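Colleague: I would like a close look at one part of this model, namely its salt bridges, set against the background of the whole chain. Please take it slowly, and tell me where caution is needed.

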Amino acid sequence: MVERDEEGAVRRMIGTYADIEERKRKQMELEQSQKRFMEITQIATDWIWEVDVHGRYTFVSERVKEVLGYSPEELLGQSPLSYMHPQEAKRVGAIFMQYIEACTPFRDLENVNLHRDGHEVILQTSALPIFAEDGSFAGYRGTDRDITEERRAHEKLQRSEHALSEAQRLASIGSWTLDLQNNHLSWSDEIFRIFEIDSTRFEPSYEGFLNAIHPEDVARVNEAFAASVDKREPYSIEHRLLLNDGRTKYVWERGETIYDDSGTPIRAQGTVQDITEREKLKAELIAAKERSEAANRAKSEFLANMSHEIRTPLGGIIGLTRLALATELNEQQRDYLQKVQTSSKALLNVINDILDYSKIEAGRLDIEAVEFRLEELLRNLSDLFGYKAYEKGIGLHFLVEGVDDALLIGDPLRLTQVLNNLVGNAIKFTRKGDVIVRIAPIKRGAEHLHLRFSISDSGIGMSPAQQQMLFTPFHQADTSNTRIYGGTGLGLVICKHLIELMGGTIELQSTENEGSTFSFELSLRWRKDVVRTFATLKGTRVLVVDDDAISRSVLREMLESLGAEVFTCNSGEAALRKAQQTPCSYYLIDWKMPGMDGIETIRRLREVLGETIGNVIMVSAFASKTELLGVARKEGVWIEQMLEKPFTPSDLLEAFELAPLNAADDAQTEHFATKGSVLLVEDHEINAQVAQENLEHFGLRVTLAANGAEALEKARGGRFDLILMDIQMPIMDGFEASRAIRAFDTQTPIVALSAAVMERDRQKTKEAGMNAHLAKPIELESLKTVLRRYLGELPQNSRPITMTEEPLELEGVDGSALLNLGIGRAKLRSLLHAFAKNYADGAQRLADLDVGSEAFEQAIHSLKGISANLRMNSLHAECVAIEQASVTERLMLRTQMLSTLEAIVTRIRALPSDTPTMSAKATPRALIADLLEQLEQDRYIEPQTITTLCAGLDTPLALELRAAFDSFDYDRARHILQGYTQEQP
């Protein structure tokens, strides 16, 4: 510093000298270190970063731009979490906070970041904590490595390995590799399964492999392997395995040897395939061939082709079942299930073709003579092929000229077989247009009725050359048709032989690309003394409105044959004009028409004609009555009746004669009532509750039995007017119980309750002594029919039962359909809560069961019935799909079904519950008296009633009573209630 005197002159200078050589050296080292660091960051494959204590970037290397597309300057001050999906940021942030709190380093933390262009980048992050000079935590310094491609390659490899493993498992083929340098043998998982050896307890070796081979085959296998090594040729050999339990398996082993450049064998590799089942089948086929010297090539080809013909009617079964399950499961359920039954019969007919052709060749096929009506055959055709035609968008029509009511004598099974084949072919080979089945009398005699059957289509037709080969066994019209349409080529051959055996001949008229008509004539015996009498439509004016010319023509012919005066229109607009000119008593209007559809046409007709309009019958191809009425109601249109295509003359007359469709739904009031005592036998509590509510809805006294044995005991001890018997039950099923009851009671009607409604099921119920069959889930209309038949109906002035409540709104449950059962919202809610309680852990229980086990089958069957009764349509459909699927498909279907089940249970639990309170009138004594009466009559007790009562009792007593009801110990509950009433003044 400078020191001056008073005048300002410099007197002296004071200063210090310091040695800064060391500081300069350290500064240079720091600069060099920073330079090296920057050079490293530029050449490093990872990008380097630093964050402060707040987790925000304070330094980012240039490499980040290549990885994330951002410049280092853009990232400074930002959080790494800002470049992640929210969920990923939440996950990584939680982990990062743990390290910050502990101030510890971390390595290889995988996280998914978002590139500037939006694609995902997988990073592997490692970092060390940074500390200030005073030792305080200052942040983290780390690196990020882009492992996106590495991770994707790893996942791809895993998927490939999994796919290979699954492929080996499905094909029952295992792979092996033998290192010839150190004799190390490695097996895939499938080989362990084939050899039935525990992989955790066995180290594969060539000696161990030889020990597993059947002693008689060891030498052959050794020779084949040695020859492969010496001759450098692949080998293939079949041999046996001798398992530890003494069983024998057959395997097909293939292998080859790998050599290095010098020709030294270094590795052998190959596969082992389990062919045990194939060998068994081969032995069975050889034995069958030896037993049947008459077998020939034609029958072998026929057997080989049968798989497609079996799948065809199965498609009908699956399609109709899906259609039934897609509805709200109302009154149409029975109709659709009957169609499933008809499809099953068709499948049986196809399978029987094998036997039929053999019998025809051997001259041993017999034609029966039994009574039948043509209408029954036509209904079968409608059930089997109506939906197929509807799916293809073609019309299927029946034209019967005045003989559908005749009682004929012949072989209906063989005639149905012929019609099924011809109609099936007509639909199969028709891409657009119509298929018409026409039956007309040629001659009416005293004992015989000569009929002509014809099946016409507008399909692909046939050339003359194709027609000549048509009735040759195993031959289709041409090769291309076989590829497109399939078939065994035997159907028409069998039809030709069957018609000839019944005394007729088959003819064909066909034009290529225009269509074909197969026709045949039969002379059948008939009963002129047994002819059903139908009302005629003589003098009735009918207006037919349909855009399809064939449909109009068919309806005109049928109506005119019944005596009606018929007018036709091809559109709704034309119908409006015609109706004003010529008023009619009936209007048959097609639903689906271009422009103005059927419902709009009806609306306009009512506006124009007012009260003078006649009865309206809606015509539709395979439509759902519920769907049709729902659309009509939504549009405010009244429809008197519905006619489903294809229809018979009887169907047409019934549409004219039946009461209006809407009558039963008017004002949501049900006037039907009956009386009597019913024994209801049902093993599942919820199903029993629903059925009991249905029955009590009609004024019946109901006694419950949980199985056949309990039903037998109650039937012996009491008198019932009707017994409703479930079929599948534990301890004693419905068949056995019914047979036992019939041993001492032959009068009480017994009605079977079952979802199975095929003919063989009805036959079994009949053989067990049951009187009728009621399909589950029970519909009110079907139940009323049964009750009317066996218990009668009370006079119309009896107290009506009303249903005025709003439907229960719950996703996955058809609340409207449930209300239509006559069950109020409170009881519905209690039933649903009971379901949720029973299946609280149901998804886990079902997930733990083996899909191929009997326990799983029973659980799915039970859930299917309950979900149908509670109108859980999606859940019910998924249960049905699982029952019909293969074991492999069930695994996937089960996952979806369990998700649906859990969702429904969750929604039910979220339903607001009514909190009961004890009113002044509802004293504990009054409630107890009601409860005792309900217990005495085995009636369903509302959970709210129990809760309300317990709210008015002392806590210990309430808990004891609640425990008794929750465990269904009704005897104990009765004892508690009786004791309470005796103790109270």
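Colleague: What percentage of the 985 residues of the protein chain count as buried? And, for the close look, which residues are joined into one network by salt bridges that share partners?

Modeller: To take the whole chain before the part, 47% of its 985 residues count as buried, where buried means under 20% relative accessible area, exposed means over 50%, and partly exposed lies in between (1.4 Å probe, protein chains only). This is a predicted model, in which local features need a pLDDT of at least 70 and side-chain atom pairs count only at pLDDT 80 or more, while totals for chains, interfaces and linings use all residues. Residues are numbered from 1 along each chain as its sequence is written, and side-chain values use heavy atoms, with hydrogens and water left out.

The pLDDT, which is the predictor's confidence in each residue on a scale from 0 to 100, averages 77 over the protein chain, and 74% of the residues score at least 70. Confidence is highest in strand β21 (residues 565-569), at a mean of 93, and lowest in strand β31 (residues 801-802), at 38. Over residues 474-484 the pLDDT is below 50, although this stretch has 21 contacts in the model beyond near neighbours in sequence, a contact being heavy atoms within 4.5 Å. Residues 914-922 also have a pLDDT below 50, and that stretch has 13 such contacts. Where pLDDT is low, the predicted coordinates should not be read in detail.

The protein chain has 36 helices and 31 strands, taken as DSSP runs numbered from the N terminus (helices H or I, at least four residues; strands E, at least two). Of its contacts with a separation of 6 or more, 63% are between residues 24 or more positions apart.

Now to the part you asked about: a search of the whole structure finds 30 salt bridges, each being a side-chain nitrogen of Lys or Arg within 4 Å of a carboxyl oxygen of Asp or Glu. In one of them, arginine 116 pairs with glutamate 74, with the closest N and O atoms 2.9 Å apart. This pair links distant parts of the chain, since arginine 116 is in the loop between β5 (106-114) and β6 (120-131) and glutamate 74 is in helix α3 (residues 72-75), 42 residues apart. Both partners are partly exposed, arginine 116 with a relative accessible area of 46% and glutamate 74 with 35%.

A local pair is formed by arginine 91 and glutamate 88, whose closest N and O atoms are 2.7 Å apart. Arginine 91 and glutamate 88 are separated by about one helical turn because they are three residues apart in helix α4 (residues 86-102). Here arginine 91 is partly exposed at 37% relative accessibility, whereas glutamate 88 is buried at 14%.

The pair that leads to the network is lysine 249 with glutamate 196, whose side chains meet in a salt bridge at 3.2 Å, N to O. This pair too links distant parts of the chain: lysine 249 is in strand β11 (residues 248-259), glutamate 196 is in the loop between α6 (189-195) and α7 (206-212), and the two are 53 residues apart. Lysine 249 is buried, with a relative accessible area of 11%, while glutamate 196 is partly exposed at 39%. Through salt bridges that share partners, Glu196, Asp245, Arg247, Lys249 and Asp274 are joined into one network.

Two further places complete the picture. Serine 236, in strand β10 (residues 235-242), is partly exposed at 46% relative accessibility, and beyond its neighbours within four places in sequence it is in contact with Trp252, Glu253 and Arg254.

As for the nonpolar side, the largest nonpolar core, meaning a set of buried Ala, Val, Leu, Ile, Met, Phe, Trp, Tyr and Cys residues joined through side-chain atoms within 4.5 Å, has 43 residues, of which Leu408, Phe453, Ile455 and Phe520 touch the most other members. Not counting residues up to four places away in sequence, phenylalanine 520 touches residues including Leu415, Val418, Leu451, Phe453, Ile455 and Ile499. A second, separate core of 29 residues includes Val813, Val851, Phe856 and Leu901.
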